[in-house]
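This report is intended for a reader who is meeting the structure for the first time. Please keep the sequence and the three-dimensional view at hand while reading.

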Amino acid sequence: MKTKNYYITTPIYYPSGKPHMGHAYSSIIADVIARYKRLEGYKVYFLTGTDEHGLKIQREAEKNKKKTQIFCDELSKKFKELTKILNLSNNDFIRTTEKRHYNSVEDLWNKLVESGDIYLDKYKGWYSVSDEAYYDSDEIEDKNNCKVSIVSGSKVEWVEEESYFFKLSSWSKKLLEHYKSNPGFILPVSRNNEVVKFVEKGLKDLSVSRTSFSWGIPVPKNKKHVIYVWLDALTNYLSAINYPDTSSDLYKEFWPADLHIIGKDILRFHAIYWPAFLMAAKLPLPKRIFGHGWILSDEKKMSKSLGNILDPIDIIEKYGIDQLRYYLIKEVSLGNDGNISLENLKNCINNDLANNYGNLCQRVFSFIKKNCENKIPKSNDFSKNDKALTNKLKNNVQKLNELINRQDLNNYIKQVIEHSFDSNKYFNDSEPWSLKKTDTKKMYSVLHSIVEQIKNISILLLPIIPDSANKILDIINVDKNLRIISEINKNNNLNHDKELGNIEILFRKVE
Ligand code: MSP
């Protein structure tokens, strides 16, 4: 059977400061999808990394009185450490200062030159170092005697220098055609509309090199210039899979990428520049770009000056990684901005994890330990109610799968936890403690059904809370290879012979 491949990426982060909740959010979204696709049987390549060139990084290193490379090494290490702390299942971590990336960017540049899409001229206009973006005059405004970008609010400065340009203007029509014939290329739909509107106004050629600083990849055959950091950064998605070696297995298996997860702030770069570069280089385009919304704290964008920054590492130390992963995915509807707060995090841990899923497992396992010699009872005679419970979940698997494939993680999690809620209710209503005295056969069928249900819920929760869901599956002795989506619809595949593993409290209630 031919293996199904799936390539998913996060944005590569600027190592200009320590990682924050916004970075953690993008990475967790991508990780949940990567893990789910693996459970679905795909061979997944999941990439993340750091974007280390450009004036923003050079200036930040100067401010910190460090050599730029050393500055990047130190901060990139923090992002790499974060992948472990967040329990990401990434296959690779790319740094744009690596040799493999230089080769790839140089090759792409040469392709753009060969296709006649690059020419030398002079750039005159506004530039935001913080966004590493060029802005037109109608995209900036005056604020406190400063010129700032209307969209991002970041300061812009006037730039006049010799520059290579990419003929972006000549790609407007092709881009519009592509958006039209590939619905779902940019999601959510609102972001697609935003991009289409922007491109319909007509695109200007894009400055793709700078001469006023040196921290970047030199333009081949003209070392006075360094390549624009976004052309450099976007190419990471190719470098990691061995481009320009298009005959390598990795490239053949994984390009074009299936999904670039990004924040809405970097939509223009991914949905306009990136496909235009690729078309010009005659390379296939990624299948989807998903622009998620902002994480807000106390209804505001997190910022140092507002003092509302929630540090992912502090939160994980205090509440646990699965708790944070679950909360972020449940609380924020992917695509929209979402407010997060410690108060809501605590409520979510208590209501969903401790009182619902955690409690369900705890009480069922304890009951089995006390009343069934610590082994899952086996039944061949299920009641209407037993079947109603387990079938409801089984019949929902296809729909849950569609939710993931639409990146609707928020509704996925809500539905999965609803099944756990149903199961708790079913356990209460069935009263196995009374059945013990009156009808042990029926008690067995209730317990058998409910453990099957716990198994299935836990498989569905694996992408979101991998550590905790695996612990539950360990307790009920589910074979590691059978922790996959296709097992959910199989009947009679619990281990009834082995005693349950030690029961521990997975989710402590928080005050
Ligand atoms: N280096 C570029 C990306 C290059 S990709 C080829 C960049 N880096 S970044 O570090 O500034 O931010 C990357 C991403 O972090 C954003 O696109 C977004 O996905 C995420 N977030 C940063 N702050 C955020 C929030 N407050 N909320 C949600 N995500 C945000 O841009």
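The text below treats the surroundings of the ligand and then the two sheets.

**The ligand and its surroundings**

The structure is a predicted model. The shell around the ligand holds 23 residues, of which I12, S26, D51, W294 and I295 come nearest. By class, this shell is made up of twelve nonpolar, nine polar and two charged residues. Polar atoms of the protein also face nitrogen and oxygen atoms of the ligand, as the table shows.

| Residue | Protein atom | Ligand atom | Distance |
|---|---|---|---|
| G22 | polar backbone atom | nitrogen | 3.5 Å |
| H23 | polar side-chain atom | oxygen | 3.1 Å |
| H292 | polar side-chain atom | oxygen | 3.2 Å |

On its own, the ligand has 660 Å² of accessible area, and the protein covers 93% of this. Two or more residues of the shell come from each of the elements α1 (21–39), α7 (229–234), α8 (236–239) and β14 (259–263).

**The parallel sheet**

Strands of a sheet pair through backbone hydrogen bonds, in either a parallel or an antiparallel sense. One open sheet of this model contains six strands, ordered β3-β2-β1-β14-β15-β9, and its pairing is parallel. At its edges stand β3 (92–95) and β9 (186–187), each of which pairs on one side only. Four bridges link β3 to strand β2, which spans residues 43–50, in the parallel sense. Within this pairing, L47 has D92 of β3 as its bridge partner.

Helix α3, formed by residues 68–85, lies across β2 and β3 and runs at about 160° to β3. Helix α10 also packs on this sheet, where it touches β9, β14 and β15 (289–292). The direction of α10 makes about 140° with that of β14.

**The antiparallel sheet**

The strands β5, β4, β8 and β10 form an open sheet of four strands in the order β5-β4-β8-β10, with antiparallel pairing. Both β5 (133–135) and β10 (206–207) are edge strands with a single partner strand each, so one side of each has no neighbour in the sheet. Strand β8, which covers residues 157–166, is joined to β10 by two bridges, and the two run antiparallel. F166 has L206 in β10 as its bridge partner.

Helix α10 (residues 267–280) lies across β5, β8 and β10, at about 30° to β8. Helix α10 thus appears in the description of both sheets: it lies across strands of the antiparallel sheet and packs on the parallel one.

How values were computed. Residues are numbered from 1 along each chain as its sequence is written. This is a predicted model: local features need pLDDT of at least 70, side-chain atom pairs count only at pLDDT 80 or more; totals for chains, interfaces and linings use all residues. Side-chain values use heavy atoms; hydrogens and water are left out. A residue is near a molecule or strand if one of its heavy atoms lies within 4 Å of it. A polar contact is a pair of N or O atoms within 3.5 Å; within protein, one must be able to donate a hydrogen and the other to accept it, and residues adjacent in sequence count only if both atoms are side-chain atoms. Accessible areas come from the Shrake-Rupley method with a 1.4 Å probe; for residues, only the protein chains shown count as cover. Ala, Val, Leu, Ile, Met, Phe, Trp, Tyr, Cys and Pro count as nonpolar, Asp, Glu, Lys and Arg as charged, and the others, Gly among them, as polar. Two strands pair if DSSP finds at least two bridges between them. Contact means heavy atoms within 4.5 Å. Axes are lines fitted to C-alpha atoms, for helices over the stretch in contact, and angles run from 0 to 180 degrees between N-to-C directions.
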